[in-house]
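Student: Could we walk through this structure together, one question at a time?
Tutor: Gladly; let us have it in front of us.

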Amino acid sequence: LSVDLLDRRLLFVTGKGGVGRSTIAAALALLSAQNGRRTLACEVDAKGNLADSYEAPPTGFKATKIQDRLYAMSMHTEESLKEYLRLQMRVPGVARMGPLAKALDFVATAAPGVREILTVGKLGWEVKERHYDLVVVDASPTGHIVGQLTAPEAISQLVKVGAVRHQTGWLRDLLKDPATTGLVVVTTPEEMPVNETIELVGRVRSETEVDVAAVIVNRVLPELFSHSDEELFERLRAPGLAPFLAESAGPGVENVMEAARLAVTLRRTRVGHLEHLRAALPPELPLLYVPYLFNRTHGLRATAQVAEALGAELGH
Amino acid sequence: LSARAATGAAPTGAAPRSLEQLLAAKEIAVCCGSGGVGKTTTAAAAAAMAAASLGGKVLVLTVDPARRLADALGMESLGNREMRVPALSFKAAGVECRGELWAAMLDTKQSWDELVTRHAPDGVTAQRILGNPLYQNVAGRFVQSHEYIAMERLYEMHSSGRYDLIVVDTPPTRNALDFLEAPDRMADFFSSRLLRWLTVPTRSRVVNLASRPFYQAADRILGSQFLEDIAEFFLLFQSMHDGFVERARAVKRLLSDRRTTFVVVTTLEAAPLHEAELFIDALGGHGFHLGALVLNKMLPAYLLDGAAFQVAERFAGPRGAEVAAGLPAEAGVADQVARVLREVGESYLNFAVVAKREAEQRAELAAAPDVVATVPYFETDIYDLAGLLGLGRQLWTG
């Protein structure tokens, strides 16, 4: 690793829907806090996944403390705009700026980059002001992340004058510094997420200035057998030995053996996708593996287990 | 009716309710669900089955540019234009296709351009809109444009009268309501006061508002030039107001029509299932027809077998060695056999936990529609039409 993942200051976590992006983001933030860093976890779409991951009350725009050194918030573009106007534009009487906020919210709906810049701007501000050692963002899914990361450029192309244009300068500097900012792409060892990951990494490298810090492969099934053990397993299933096994183990053994065969096949299909992923990604890009959790798929327990697995992968 | 409920049997002469029966009766099926549940594949499999066994002209409209789907359909690529899946592909899959299967992918930008061309009052205005840099940036993301454009294209295809059935795969949405509400939002957007404010002739607005603090602030933050650019863009768009609003309402009517049904696709994992439940509620709230629930990637039932569970516990525990010792010598070295059986047992126990959790999730599923189709976990990926039809047969009868 050129820069240790958790030694950066701002991590955007993205991934195709359904791969467990929110859990990974929550776990990275938890791991960072456990390692002594003051950490902020932020969810960009207010789905409430982050609060679920920590089993905490719903998060809001104002960061709340989850545990020692760990804070969580949800992005809210209108609140972000108000804060921006108050802190950076010194616009007086924000309370009375309702119509402006409304007008800008309306513009944000249609104008490219406005909503994104309010999100990225707020997070960049937290980093710039050194409020936290690390900010982990449960960011947009793969389809929208490039738009989010290139918002400052989009804005500076559209807005030729005015205060907003001046703001995009420092934000771009912050995003393009690999010691500061990194993108983490979450995937599962399945065909579609793997292909989307390969495509996204290519796009991020060609269309943005943001460094891809790591690809995290979630829900990796365990390897069942070594090569020689698998041969033995196949022998046990074959007609020669199967009747002896049935007699020795009792009824139901066929189902147990069938389940193991399924596990072997699933694992093998996934290994194929993983090999394709590794071969298609730049060799220096680290791949981190998180095992499939059989017992709990969400909630604080799952978050803690994923954090532990990530910690082991990162050598903590 | 009570007799039917008591026996669980279908009335005499009627087939049990299935996806097949549902699609035979409908002209549009909208597949929805959260990301990663297999929506695109389900939509394609259902459309392929409908074309093969119900006949007629069937279109699958997908938003997913997945290369694999095009491959599976035996096509070079999928574009905004509908293309027929070659009858030979069905033959190669060993299926006689009674009807025709057509496929198209949603290209948001191209669809927007066509929409503008259709609704602009004249060619000059259309060209000005299409050439506006703001429009070019915006076309891909304008007011949930992806959701709206999917519904809009569906409307266009349906009103062309070219198809007996259209199966549409919906874009992944941040929340389930996004595309159900997209037509309403589009109409609201064009009727909103703010849009009218922005499109008041520029001079009078500046004169009227220049003294107001919020215009001053907006000017300071964004620069008046940008505000003017936006105003001009909206002014151009305003010229399409009537056409757009009328169209958005027609799209909404089509979604509520009796000929349209919604198929909710989910796995039994907690998060997608939760989203599916929210979706089912939302459909009811909007007065849309919930036709079927597809439970995808179901683990095999043998994982719930009690006897197998006991065997697995034995394999995984200290008594596994006894089983190994009871086997003939050609099985192998006893230690190695015991190790393999332990792995086998532990693997079963692991997957059994998942299967039990999912069975419980299914039992807790509150408001399920009459048609619930279950599709087993496919061990390998689907690469061709034969694979797609294999999944389709499960859908049809499951």
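**A tour of the model**

Tutor: A word on the surface before your questions: chain A exposes about 12800 Å², and carbon and sulfur atoms supply 51% of it. Please keep in mind that this is a predicted model.

Student: How many helices and strands are there in chain A, and what share of its residues count as buried?
Tutor: Happy to start there. Chain A has 13 helices and eight strands. Buried here means under 20% relative accessible area. Of the 316 residues of chain A, the share that counts as buried is 59%.

Student: In the largest nonpolar core, which residues touch the most other members?
Tutor: In soluble globular proteins, nonpolar side chains tend to be buried together. The largest nonpolar core here has 104 residues, and helix 5 (residues 114-128) of chain A gives the most to this core, with seven residues. The members that touch the most others are Leu10(A) and Phe12(A).

Student: Which residues of a second, separate core can you name, and how many residues does that core have?
Tutor: Good follow-up. The second core includes Leu19(B), Val58(B), Val95(B) and Val371(B). This separate core has 47 residues.

Student: How are the rings of Trp102(B) and Tyr163(B) arranged?
Tutor: A pair of aromatic rings is described by the distance of the centres and the angle of the planes. For Trp102(B) and Tyr163(B), the centres are 6.4 Å apart and the planes are at 70°. Planes over 60 degrees apart count as edge-to-face. Therefore the pair of Trp102(B) and Tyr163(B) is edge-to-face.

Student: How far apart in sequence are the parts that this pair ties together?
Tutor: Trp102(B) lies in strand 4 (residues 100-105) of chain B. Tyr163(B) lies in the loop between helix 9 (145-159) and strand 5 (165-169) of chain B, so the parts tied together are apart in sequence by 61 residues.

Student: Is Tyr163(B) buried or exposed?
Tutor: Let us use the cut-off of under 20% relative accessible area for a buried residue. Tyr163(B) has a relative accessible area of 11%, so Tyr163(B) is buried.

Student: Which strands are the edge strands of the open sheet in chain B?
Tutor: Eight strands form this sheet in the order 3-4-2-5-1-6-7-8, with mixed pairing. An edge strand pairs on one side only. The edge strands are strand 3 (83-84) and strand 8 (371-376) of chain B.

Student: What is the bridge partner of Thr266(B) in strand 7 of chain B?
Tutor: Strand 6 (residues 260-266) and strand 7 (residues 290-298) of chain B run parallel, joined by five bridges. In strand 7, the bridge partner of Thr266(B) is Leu295(B).

Terms used:
Residues are numbered from 1 along each chain as its sequence is written. Chains are lettered from A and ligands numbered from 1 in the order in which they are written. This is a predicted model: local features need pLDDT of at least 70, side-chain atom pairs count only at pLDDT 80 or more; totals for chains, interfaces and linings use all residues. Side-chain values use heavy atoms; hydrogens and water are left out. Helices (H or I, at least four residues) and strands (E, at least two) are DSSP runs, numbered from the N terminus. Buried means under 20% relative accessible area, exposed over 50%, partly exposed in between (1.4 Å probe, protein chains only). Accessible areas come from the Shrake-Rupley method with a 1.4 Å probe; for residues, only the protein chains shown count as cover. A nonpolar core is a set of buried Ala, Val, Leu, Ile, Met, Phe, Trp, Tyr and Cys residues joined through side-chain atoms within 4.5 Å. Rings of Phe, Tyr and Trp (its six-membered ring) pair if their centres lie within 6.5 Å; planes under 30 degrees apart count as stacked, over 60 as edge-to-face and the rest as tilted. Two strands pair if DSSP finds at least two bridges between them.
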